[in-house]
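Trainee: I am new to this one. Please take me through it in short steps.

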Amino acid sequence: MPRKTQVEDEAEDRLIWPPPHAHQLLILLEDFVQKTHGAIPNIKDFKLMAVKLLGPCAKRYRPAQVKSKYHRMRIIYGKFKKLINHTGFGWDFDNNTPNCDTDVWDDYCKANPGVSKFKYVGLPDYEMHKNVFEKYNATGGLGYSSTNPPCDVDDEADIEDRFLHPDNGRSDDDEEAFQDYIGGQHSGSKRAGPSSGRGRGRKKRTTDADCVSAAMMEVV
């Protein structure tokens, strides 16, 4: 199956995640980061968030959809941060416009696909994105270890595709090799990434009922 174009992918994302729903997810992610002191959510956390989204969004999201949106938000925040830190121009947060000549902006957009949408609207909920993703943006999913060579365009596209579409038929060995390639998550964080599981007992699978029960306990 051919890879979707960026326009098609973003249009599909807006249908699945209307802005008010994305805002509600950011509220949950910001609360999670504050309570866990910056930990990276795992599948159990995404299941719990899916349950909590049901009330305010009146829509049942699958944990995989929540996980995919989380990674998409992190990618978008990374692109926006790179944009506003770019040497040669800044960002006018009052008017949500770049401080640069049109030619400079056009050249930057050509060299950095996916940023042209920021020209007039900026990044909605920028401060919330910053609170959730700033700590891990540089060395998390799209970050590279200093010992790795810089990626080319095809590598970058493959990385983004893997995060936006995590359940795309890849084996555990493929994912382990991929994580090694990009440098993995924070090695100092206990929640930075999954362990290989070799030589250990299988963890108990978290069910939807467990997440519903946990969500109800938090509400109470």
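Trainee: What is the relative accessible area of D31?
Mentor: Start with the scale: buried means under 20% relative accessible area, exposed means over 50%, and partly exposed lies in between (1.4 Å probe, protein chains only). D31 counts as partly exposed, because its relative accessible area is 29%.

Trainee: What kind of model is this, and which atoms do side-chain values use?
Mentor: This is a predicted model: local features need pLDDT of at least 70, side-chain atom pairs count only at pLDDT 80 or more, and totals for chains, interfaces and linings use all residues. Residues are numbered from 1 along each chain as its sequence is written; with hydrogens and water left out, side-chain values use heavy atoms.

Trainee: Which residue forms a salt bridge with D31?
Mentor: Side chains of opposite charge can pair when their charged atoms come close. A salt bridge is a side-chain nitrogen of Lys or Arg within 4 Å of a carboxyl oxygen of Asp or Glu. The closest N and O atoms here are 3.2 Å apart. The partner of D31 is K35.

Trainee: Where do D31 and K35 lie?
Mentor: Helices (H or I, at least four residues) and strands (E, at least two) are DSSP runs, numbered from the N terminus. K35 is exposed, since its relative accessibility is 54%. D31 and K35 are 4 residues apart, about one turn of the helix. Both lie in helix α2.

Trainee: How many residues apart in sequence are the parts tied together by K81 and E134?
Mentor: The side chains of K81 and E134 meet in a salt bridge, 2.8 Å from N to O. K81 lies in helix α4 and E134 in helix α7, so the parts tied together are apart in sequence by 53 residues.

Trainee: Are K81 and E134 buried or partly exposed?
Mentor: K81 has 22% relative accessibility. E134 has 28%. So K81 and E134 both count as partly exposed.

Trainee: Which residues are joined into one network by salt bridges that share partners?
Mentor: The count of salt bridges comes to 4. Some of them share partners. The network joins D13, K69 and R72.

Trainee: How far apart are the closest N and O atoms of R72 and D13?
Mentor: R72 is buried because its relative accessibility is 9%. D13 is buried too, because its value is 12%. Their salt bridge has its closest N and O atoms apart by 3.1 Å.

Trainee: How many residues apart are R72 and D13?
Mentor: R72 and D13 form a salt bridge. R72 is in helix α4 and D13 in helix α1. The pair links distant parts of the chain, at a separation of 59 residues.

Trainee: Are the rings of W17 and Y61 stacked or edge-to-face?
Mentor: Rings of Phe, Tyr and Trp (its six-membered ring) pair if their centres lie within 6.5 Å; planes under 30 degrees apart count as stacked, over 60 as edge-to-face and the rest as tilted. The structure holds 8 such aromatic pairs. The centres of W17 and Y61 are 3.9 Å apart and the planes are at 5°, so the pair is stacked.

Trainee: In which loops do W17 and Y61 lie?
Mentor: The pair ties together parts 44 residues apart in sequence, because its two rings sit in separate loops. W17 lies in the loop between α1 (6-16) and α2 (19-36), and Y61 in the loop between α3 (43-57) and α4 (63-84).

Trainee: What is the angle between the planes of Y70 and F133?
Mentor: Y70 and F133 form an aromatic pair, 5.3 Å centre to centre. The pair is tilted, with the planes at 55°.

Trainee: In which helices are Y70 and F133?
Mentor: Y70 and F133 are both buried. They are 63 residues apart, so to speak of distant parts of the chain is fair. Y70 is in helix α4 and F133 in helix α7 (residues 126-137).

Trainee: Which residues do ring pairs link into a cluster?
Mentor: Here several ring pairs join up. The cluster holds Y77, F80, W91, W105, F118 and Y126.

Trainee: What is the phi of H37?
Mentor: H37 sits in the loop between α2 and α3. H37 is exposed, because its relative accessible area is 67%. H37 is not a glycine, yet its phi is positive, at about 55°.
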